Amino acid sequence: IYAGALGFGYNKDVLEKNNLPVPACWKDLLKPEFKGHVQMANPNSSGTAYTTLATIVQILGEDAGFEFMKGLHKNINTYTKSGSAPIKAAGRGENTIGIVFLHDAVKQAVSGFPIIPVAPCEGTGYEIGSMSIIKGARNLDSAKKFYDFALRKGIQERAKEAKAYQVMSNKGAIPPKEAPKLETIKLIDYDFKKYGSSAERKRLLAKWDSDVKSLPK
């Protein structure tokens with residue numbers, strides 16, 4: 001139904017108030033001056049945060065990726081339960097930088113909060129918001145009709161009425177002008193088959209729990 005690129009957003013007012021540098025890359029989030037100024041969700045409860053973990057591992061490799069997560073841990077003020085919570089907190093001025101899908105940062109900006117969305121310079125992962133028709137579904141014809149409805153140009157264009165700024169799958173649909181433009185973002189070749197598997201997810205989460213979350217700050 002849609003695609004959403006991962007990134008982060010920052011509160012420009014809080015950034016300026018604390019004389020902090022403007023972050024443009026993943027590696028910027030490891031700077032010592034950002035200690036206590038970064039928020040992300042817990043990857044055990046949030047698909048956004050798991051996508052972040054899987055993205056960093058794919059960009060840097062697993063060993064370097066986990067070293068990055070350890071460095072990031074030092075700067076994290078709170079691991080939230082919800083993936084969009086970090087940028088909502090930043091919008092309220094309770095946090096400075098939130099690691100989120102870019103459309104969530106855009107939503108805060110469009111809502112009037114001083115949030116600047118950032119697509120990291122090294123590249124980033126993304127999500128695909130999908131639908132499935134279950135094999136053997138009792139109401140197959142109705143399911144197909146709903147699929148056709150959800151993929152329709154005019155229906156997808158209504159997403160902006162709900163302040164949903166993902167990139168729509170129907171190429172004929174006109175996106176909101178504020179929506180992230182995937183063609184301007186450096187997207188990695190995200191391995192959905194590997195990192196979407198239950199076994200790999202469990203393994204990475206267990207390693208994050210033992211190697212990262214357990215560390216003192």
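## Helix H5 and its neighbours

The buried residues of helix H5 pack against two kinds of element: strands S1, S4 (97-101), S5 (115-118) and S6 (126-129), along with helix H4 (85-91). This is a predicted model, so everything here is computed from its atoms. H5 itself covers residues 102-110, and its buried members are Leu 102, His 103, Asp 104, Ala 105, Val 106 and Gln 108. Just after this helix, Gly 112 adopts a positive phi of about 100°.

## The largest nonpolar core

In soluble globular proteins, nonpolar side chains tend to be buried together. Here the largest nonpolar core holds 35 residues, and those touching the most other members are Trp 26, Met 40, Met 69, Leu 72 and Ile 99. Two or more residues come from each of these elements: strands S1 (2-11), S2 (38-41), S3 (76-80) and S4 (97-101), and helices H2 (47-60), H3 (62-75) and H9 (198-213). Helix H2 gives the largest share, 6 residues.

Met 69 is a handy place to start looking around. Leaving aside residues up to four places away in sequence, Met 69 touches Met 40, Leu 53, Ile 56, Trp 208 and Val 212. There is also a second, separate core of 5 residues, with Ala 90, Val 100, Ala 105 and Ile 115 among them. Ala 105 takes us back to H5, where it is one of the buried residues.

## Aromatic pairs

Now for the rings: the whole structure contains 6 aromatic pairs. One of them joins Tyr 126 and Phe 192 in an edge-to-face arrangement, with 5.2 Å centre to centre and 75° between the planes. Because Tyr 126 sits in strand S6 and Phe 192 in helix H8 (residues 192-195), this pair ties together parts that are 66 residues apart in sequence.

Is Phe 192 buried or exposed? It falls in between: Phe 192 is partly exposed, with a relative accessible area of 34%. Ring pairs also bring in Tyr 190, linking Tyr 126, Tyr 190 and Phe 192 into a cluster.

## The largest pocket

Rolling a probe the size of a water molecule over the atoms shows where empty space is left. In this model, the largest pocket encloses about 190 Å³ of space. Its lining is made up of Val 167, Met 168, Asn 170, Lys 171, Ala 173, Pro 175, Pro 176, Ala 179, Pro 180, Lys 181, Leu 182 and Glu 183.

What is the make-up of that lining in nonpolar, polar and charged residues? The lining of the largest pocket has 8 nonpolar residues, 1 polar and 3 charged.

Conventions:
Residues numbered from 1 in each chain as written. Predicted model: local features only at pLDDT ≥ 70, side-chain atom pairs only at ≥ 80, totals over all residues. Heavy atoms only, no water. Core = buried A, V, L, I, M, F, W, Y, C linked by side-chain atoms within 4.5 Å. Buried < 20%, exposed > 50% of the residue type's maximum accessible area, 1.4 Å probe, protein only. Helix = DSSP H or I, 4+ residues; strand = E, 2+ residues; numbered from the N terminus. Contact = heavy atoms within 4.5 Å. 1 Å grid on protein atoms, 1.4 Å probe; cavity = no way out; pocket = protein on both sides within 12 Å on 5 of 7 lines; lining within 4 Å. Points joined across faces, edges and corners; volume = space filled by probe spheres on them. Nonpolar A, V, L, I, M, F, W, Y, C, P; charged D, E, K, R; others polar. Phe/Tyr/Trp six-rings, centres within 6.5 Å; stacked < 30°, edge-to-face > 60°.
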